[in-house]
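Subject: Structure for your review

Dear colleague,

Please find below the structure that I am handing over to you. My account of what was found in it follows directly after.

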Amino acid sequence: MSTGAPSGTITIEQVDAAATYPLRAQELRQGRPVEIDEDDAPYTLHLAARIDGGEIVGVVRFHPRDCPWRVGEGSWQLRGMATDPRVRGLGAGRALVAEGLVQVAARGGDLVWCDARKDAVGFYARIGFTTVTEEYDLRPVGPHRGMLIELPIR
């Protein structure tokens with residue numbers, strides 16, 4: 001990756017799991033395998049944010065999974081969310097989550113939940129997620145809060 005901040009139009013597209021691995025490794029999984037269980041399952045949704053259709057600057061994964069804080073069907077977990085530090089604050093992360101929520105709702109999902117890293121709680125809150133737990137330690141990563149958003153967004 002270059003050191004300067006990329007500029008251009010951000011687009012969101014569905015990608016395979018492998019396309020998310022370089023940014024996952026850089027931002028989330030240092031010293032740990034980049035693969036997450038069921039990455040290649042046909043129902044797992046991977047999205048990437050690209051600058052001018054080229055360089056991937058953000059990734060996220062959505063996967064059907066029961067919510068630990070809300071009983072019911074139609075729950076999906078948001079996981080593996082990462083943005084290149086050079087583009088944070090420019091809307092790539094917001095665009096990834098927004099497109100993911102649309103696609104999850106289209107697939108029948110009625111709730112998306114996540115284990116939000118302590119430093120990302122504000123990001124998720126600004127886009128409509130509600131904090132539903134106290135802080136907890138998700139080893140080996142560190143402090144997290146449970147968050148969720150109901151679909152469709154009202």
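**Salt bridges**

Glu-13 is partly exposed, at 30% relative accessibility. Please keep in mind throughout that this is a predicted model. The side chain of Glu-13 meets that of Arg-50 in a salt bridge, with 2.9 Å from N to O. Because Glu-13 lies in strand E1 (residues 10-15) and Arg-50 in strand E2 (residues 45-51), the pair ties together parts that are 37 residues apart in sequence. Arg-50 is buried, with a relative accessible area of 17%.

A second salt bridge joins the side chains of Arg-24 and Asp-39, at 2.8 Å from N to O. Arg-24 belongs to helix H1 (residues 17-27) and Asp-39 to the loop between H1 and E2, so this pair ties together parts that are 15 residues apart in sequence. Both Arg-24 and Asp-39 are buried. The two residues also take part in a network of salt bridges that includes Arg-61.

Lys-118 and Glu-135 form a further salt bridge, in which the closest N and O atoms are 3.8 Å apart. This pair links distant parts of the chain, 17 residues apart: Lys-118 is in the loop between strand E5 (111-117) and helix H3 (121-126), and Glu-135 is in the loop between strand E6 (130-131) and strand E7 (136-138). Glu-135 counts as partly exposed, at 43% relative accessibility. A search of the whole structure finds nine salt bridges, among them the three pairs described above.

**The largest pocket**

The largest pocket holds about 930 Å³ of space. It is lined by 36 residues, of which Leu-28, Met-81, Arg-117, Ala-120 and Tyr-124 are the closest to its centre. Strand E4 (75-83), helix H2 (92-106), E5 and H3 are the elements that give two or more residues to the lining. E4 gives the most, with seven residues. By residue class, the lining divides into 17 nonpolar, twelve charged and seven polar residues.

**Nonpolar cores**

Which residues of the largest nonpolar core touch the most other members? They are Phe-62, Leu-78, Val-112, Tyr-124 and Phe-129, out of 27 residues in that core. At least two residues of this core come from each of E2, strand E3 (56-64), E4, H2, E5, H3 and strand E8 (142-150). H2 supplies the largest share, five residues. Tyr-124 thus appears in two of these accounts: it is among the residues closest to the centre of the largest pocket and among those that touch the most other members of this core.

Leu-78 illustrates the contacts involved. Leaving aside neighbours within four places in sequence, Leu-78 is in contact with Val-60, Arg-61, Phe-62, Val-97, Val-112, Trp-113, Cys-114, Tyr-124 and Phe-129. Arg-61, one of these partners, is also linked with Arg-24 and Asp-39 in the network of salt bridges. Apart from the largest core lies another core, of seven residues, including Ala-48, Ile-56, Val-59 and Ala-82.

**Val-104 and its surroundings**

Is Val-104 buried or exposed? At 0% relative accessibility, Val-104 counts as buried. Val-104 lies in helix H2. Not counting residues up to four places away in sequence, Val-104 touches Phe-62, Trp-76, Gly-109, Val-112 and Leu-151. Of these partners, Leu-151 is 47 residues from Val-104 in sequence, while the two C-alpha atoms are 8.6 Å apart in space.

**Backbone geometry**

Leu-151 also takes part in a cis peptide bond, which joins Leu-151 to Pro-152 with omega about -5 degrees. Pro-152 is placed in the segment after E8. Another cis peptide bond runs from Arg-139 to Pro-140, with omega near 0 degrees. Pro-140 is found in the loop between E7 and E8.

Glu-38 has a positive phi of about 65 degrees, although it is not a glycine. Glu-38 sits in the loop between H1 and E2, which is also where Asp-39 lies. With a relative accessible area of 40%, Glu-38 is partly exposed, whereas Asp-39 is buried.

With kind regards

Conventions: Residues numbered from 1 in each chain as written. Predicted model: local features only at pLDDT ≥ 70, side-chain atom pairs only at ≥ 80, totals over all residues. Heavy atoms only, no water. Salt bridge = Lys/Arg side-chain N within 4 Å of Asp/Glu carboxyl O. Helix = DSSP H or I, 4+ residues; strand = E, 2+ residues; numbered from the N terminus. Buried < 20%, exposed > 50% of the residue type's maximum accessible area, 1.4 Å probe, protein only. 1 Å grid on protein atoms, 1.4 Å probe; cavity = no way out; pocket = protein on both sides within 12 Å on 5 of 7 lines; lining within 4 Å. Points joined across faces, edges and corners; volume = space filled by probe spheres on them. Nonpolar A, V, L, I, M, F, W, Y, C, P; charged D, E, K, R; others polar. Core = buried A, V, L, I, M, F, W, Y, C linked by side-chain atoms within 4.5 Å. Contact = heavy atoms within 4.5 Å.
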